[in-house]
Amino acid sequence: MNAPARRGAPRGLAAAALVVGGILLLGACAAGPNPDQNPAGYGFWWGLWHGVILPVSFIVSLFTDTVSIYEVDNDGNWYDVGFVLGIALFSGPVIALRGRRS
């Protein structure tokens with residue numbers, strides 16, 4: 001007698017656990033409230049980091065008023081450049097992989 005064919009349930013469960021774990025891990029990186037302001041303002045590197053974690057920060061900001069997606073205490077243009085570059089670093093590979101599927 002033939003053994004019953006195994007379905008992909010364990011593989012699907014492992015993938016779901018990996019996705020949930022990744023979301024929780026990234027959630028720990030979300031920008032929080034800023035009780036202590038930086039006298040010089042946040043610069044390029046902080047803008048880059050906030051751009052990279054933008055998806056997580058955005059989702060968290062929907063449920064709480066203490067998290068924002070953009071640091072208002074920044075030093076101006078360099079923070080903006082880092083923020084936009086961080087968004088591009090995150091969204092570029094996602095868009096490229098999405099376009100390859102057919």
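This passage describes the fold, the aromatic contacts and the nonpolar surface of a predicted model.

The protein contains four helices and zero strands, and its elements follow one another from the N terminus as α-α-α-α. The chain has 102 residues, of which 19% count as buried. About 8,100 Å² is exposed by the protein, and 67% of this area is supplied by carbon and sulfur atoms. When contacts between residues at least 6 apart in sequence are considered, 73% of them join residues at least 24 apart.

Phenylalanine 44 offers a view of such pairings between separate parts of the chain. Phenylalanine 44 lies in helix α2, an element that spans residues 44-52. With a relative accessible area of 22%, phenylalanine 44 is partly exposed, because the buried class requires a value under 20%. Once neighbours within four places in sequence are left aside, phenylalanine 44 is in contact with Trp78, Tyr79, Val81, Gly82 and Leu85. For one of these residues, tyrosine 79, the C-alpha atom is separated from that of phenylalanine 44 by 4.4 Å, although the two residues are 35 residues apart along the chain. Glycine 76 is found in the loop between α3 and α4, and its C-alpha atom is 9.1 Å in space from that of phenylalanine 44, with their positions 32 residues apart in sequence. Glycine 76 has a relative accessibility of 22% and therefore counts as partly exposed.

Helix α2 also holds histidine 50. The relative accessible area of histidine 50 is 8%, so this residue is buried. Its side chain makes a polar contact of 2.8 Å with the side chain of tyrosine 79. Tyrosine 79 is thus named twice here, once for its polar contact with histidine 50 and once for its contact with phenylalanine 44.

The aromatic residues were examined next. The count of aromatic pairs comes to six. One of them joins tyrosine 42 and tryptophan 46 in an edge-to-face arrangement, with 5.2 Å from centre to centre and 85° between the planes. The two partners fall into separate accessibility classes: tyrosine 42, at 14% relative accessibility, counts as buried, whereas tryptophan 46, at 44%, counts as partly exposed. Phenylalanine 44 and tryptophan 45 have ring centres 5.0 Å apart and planes at 80°, so this pair is also edge-to-face. The angle is decisive for that assignment, because planes over 60 degrees apart are classed as edge-to-face. Tryptophan 45 is exposed, with a relative accessible area of 67%, while its partner phenylalanine 44 is partly exposed at 22%. Phe44 and Trp45 are joined by Trp78 in one aromatic cluster. Trp78 is also among the residues in contact with phenylalanine 44.

A nonpolar patch was identified on the surface. Trp46, Trp49, Val52, Leu85 and Leu89 make up this patch, which covers about 470 Å². Helices α2 (44-52) and α4 (77-100) each supply at least two of its residues, and the largest share, three residues, comes from α2. Tryptophan 46 therefore takes part both in the patch and in the edge-to-face pair with tyrosine 42; its relative accessibility of 44% satisfies the patch criterion, because members need over 30%. Leucine 89 is placed in helix α4 and, at 52% relative accessibility, counts as exposed, because that class begins over 50%. Leu85, another member of the patch, is in contact with phenylalanine 44.

A further approach between distant positions in sequence involves helix α3. Proline 55 lies in this helix, which comprises residues 54-63. The C-alpha atoms of proline 55 and isoleucine 87 are 8.8 Å apart in space, while the two residues are 32 residues apart in sequence. Proline 55 is partly exposed, with a relative accessible area of 28%.

Key:
Residues are numbered from 1 along each chain as its sequence is written. This is a predicted model: local features need pLDDT of at least 70, side-chain atom pairs count only at pLDDT 80 or more; totals for chains, interfaces and linings use all residues. Side-chain values use heavy atoms; hydrogens and water are left out. Patches are made of residues with over 30% relative accessible area and no salt bridge: like charges are joined within 9 Å, nonpolar side chains (Val, Leu, Ile, Met, Phe, Trp, Tyr) within 5 Å. Accessible areas come from the Shrake-Rupley method with a 1.4 Å probe; for residues, only the protein chains shown count as cover. A salt bridge is a side-chain nitrogen of Lys or Arg within 4 Å of a carboxyl oxygen of Asp or Glu. Buried means under 20% relative accessible area, exposed over 50%, partly exposed in between (1.4 Å probe, protein chains only). Contact means heavy atoms within 4.5 Å. Rings of Phe, Tyr and Trp (its six-membered ring) pair if their centres lie within 6.5 Å; planes under 30 degrees apart count as stacked, over 60 as edge-to-face and the rest as tilted. A polar contact is a pair of N or O atoms within 3.5 Å; within protein, one must be able to donate a hydrogen and the other to accept it, and residues adjacent in sequence count only if both atoms are side-chain atoms.
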